[in-house]
Amino acid sequence: MLHPDRLLPAEPGTRDIARRLYDASRTLPLVCPHGHYNPAVLAANRWPADAASQLVASDHYLLRLLYSHGVPLESLGATPADQVSGEVDGRAVWRELARHYHLFRGTPSKLWLDHTLSEVVGVADPLTPETADGVYDALSARLDEEAFRPRSFLDRCGVQFLATTDGALDALESHTALRTSDWDGRVVPTFRPDDVIDPDRPGFRDRVVMLAELTGADTSTWGGYLEALRIRRGCFVAAGATATDHGHPSALTCDLSVGEAADLFGRVVGGNPRPGDAECFRGQMLVEMAAMSMDDGLVLQLHTGSWRNHNPALAARFGPDMGADIPTRADYVHALKPLLDRFGNEPGLTVVLYTLDESTYGRELAPLAGHYPVLRLGPPWWFYDSPEGMRRYYRQVTETAGFANTVGFNDDARSLLSIPARHDVARRVNAGYLAELVAEHRLTEDEAADLAVDLAHRLAAETFMRQGW
């Protein structure tokens, strides 16, 4: 179903180079340092629902485009917040996807799903309304196979390292179960404390109280609150975590005095914040998280530039992560200066930046990462995790920052089943871009082959994988 030269350059000579570069990276182990998988699935080693739930209902890329054409989210397996979640008719959901699959022509979503069905599952027929039932039956049968259980799936796909994204209050039982099981796969949590450091989050003050109950620290004081966060980070480190992650609206950082920070904390926790306090508090907490990373070695990841839940009616009806998040403008040169003034030259800290504002690649991010030792650039994220998005990223970033100031690829997937496809698309695009540089005599082919390995595996492994875990 899939052409072997998909995504490689059209010019024959450059395509031949790209084939060789792709061959140098295509079978490398998969390093997956950022994703949104439920670790309970791996702990139970059992798919929690039918095939459609795995590939459709959990994929906001699919949901957003189908919703834009008037497809009701209920028909795709989404449950309104005011209804009790019931059993989803997976076959009906799959048929709905098949009826509208033509809408995804030219999108990365179609590349990923076609690869998953053809290369991973082994379905011979393309997905159409006529083949929908047959494809669904083949996919369902494969997920029922003992050799295709979640852990076996990761093994057969060559996943070497996989990080989940976990809230600060998560008890991490699934990770404990995985570490004490007889499976030798490496799955680790990532400390995502947005739920207890973002005053704009619903229930923030209640969760600060829960943080105290969980840690025994007095979170009614600034010092006790910071100690509670240190305790939770320690629990994550003990469970194998190598990174934190922060999904802030902006990259603003603040470095207040202890007294100023304590006053700010008192206002946001006490329920009487001033205008701008929530943003300032998030900025202060990024600096506090960087200071803690200096102690425990966790990589600090910052994802910014997204207006989340832009459609309030949809969020009220279905909750977050339904495809209504939109890129916004972002500033890094000014916003990051307080953090960089304090930690920018520290060799023991790594800060990885991801953005949804492509206009900052060449103007801000590449020059910053090309200077400050602590900074690394995350791969094209979300809307730009696409063939053209990756090419734009390389053209704007690498001349100034170099390839070595990036962290290679990560898949940011919500379904385990889509991981191989996302990595394959990235490796093909990498091979094509590097082949152009070879054809223009800007790289030797040996240098390009080495870079293909860097981008597919080595950079991510060196950034996120701790030895001796």
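In the predicted model, strand 7 is covered on both faces: Val299, Gln301 and His303 are buried on one side, and Leu300, Leu302 and Thr304 are buried on the other. In a regular strand the side chains alternate between the two faces of the sheet. The strand comprises residues 299-304, and 6 of its 6 residues are buried. Strand 7 pairs with strand 6 (residues 243-246) in the parallel sense, through 4 bridges, and Asp245 has Gln301 of strand 7 as its bridge partner. Strand 10 (residues 351-355) also runs parallel to strand 7, and 5 bridges join the two. In this second pairing, His303 stands opposite Tyr354 of strand 10.

Helix 1 covers residues 12-25, and its 14 residues should span 20 Å at 1.5 Å a residue; the end C-alpha atoms are 20 Å apart, in agreement with that value. Thr14, Arg15, Ile17, Ala18, Leu21, Tyr22 and Ser25 are the buried residues of helix 1. Viewed down the helix axis, these residues fall within an arc of 160°, so they line one face of the helix. An α-helix has 3.6 residues a turn, so residues three or four places apart point the same way. The elements that cover the buried residues of helix 1 include helix 19 and helix 20 (445-464). At the N-terminal end, helix 1 is capped by Glu11, with a side-chain oxygen 3.1 Å from the backbone nitrogen of Gly13.

Asp424 lies in helix 19, which spans residues 419-439. With a relative accessibility of 10%, Asp424 is classed as buried because the limit for that class is under 20%. Apart from neighbours within four places in sequence, Asp424 is in contact with Arg6, Tyr22 and His115. Of these contacts, Tyr22 is among the buried residues of helix 1.

Helix 19 is also among the elements that cover the buried residues of helix 4, as are helix 3 (51-57), helix 5 (90-99) and helix 6 (108-121). Within helix 4 (residues 60-68), the buried positions are His60, Tyr61, Leu62, Leu63 and Leu66. Asp59 caps the N-terminal end of helix 4, where a side-chain oxygen is 2.9 Å from the backbone nitrogen of Tyr61. Just after helix 4, Gly70 adopts a positive phi of about 85°.

Phe236 belongs to helix 12 (residues 222-238) and is buried, with a relative accessible area of 0%. When residues up to four places away in sequence are not counted, Phe236 touches Asp166, Gly167, Ala168, Asp170, Leu172, Pro189, Thr190, Phe191 and Ala241. Phe236 is 218 residues from Ala18 in sequence, and the two C-alpha atoms are 41 Å apart.

The model contains 0 disulfides. A disulfide is a covalent bond between the sulfur atoms of two cysteines. For Cys157, the closest cysteine sulfur is that of Cys32, at 9.4 Å, which is too far for a bond, given that the cut-off is 2.5 Å. Cys157 is partly exposed, with a relative accessible area of 21%. Cys235 is likewise partly exposed, at 33% relative accessibility.

Terms used: Residues are numbered from 1 along each chain as its sequence is written. This is a predicted model: local features need pLDDT of at least 70, side-chain atom pairs count only at pLDDT 80 or more; totals for chains, interfaces and linings use all residues. Side-chain values use heavy atoms; hydrogens and water are left out. Buried means under 20% relative accessible area, exposed over 50%, partly exposed in between (1.4 Å probe, protein chains only). Two strands pair if DSSP finds at least two bridges between them. Contact means heavy atoms within 4.5 Å. The expected span of a helix is 1.5 Å times one less than its number of residues. The arc is that of the directions from the helix axis to the C-beta atoms. A polar contact is a pair of N or O atoms within 3.5 Å; within protein, one must be able to donate a hydrogen and the other to accept it, and residues adjacent in sequence count only if both atoms are side-chain atoms.
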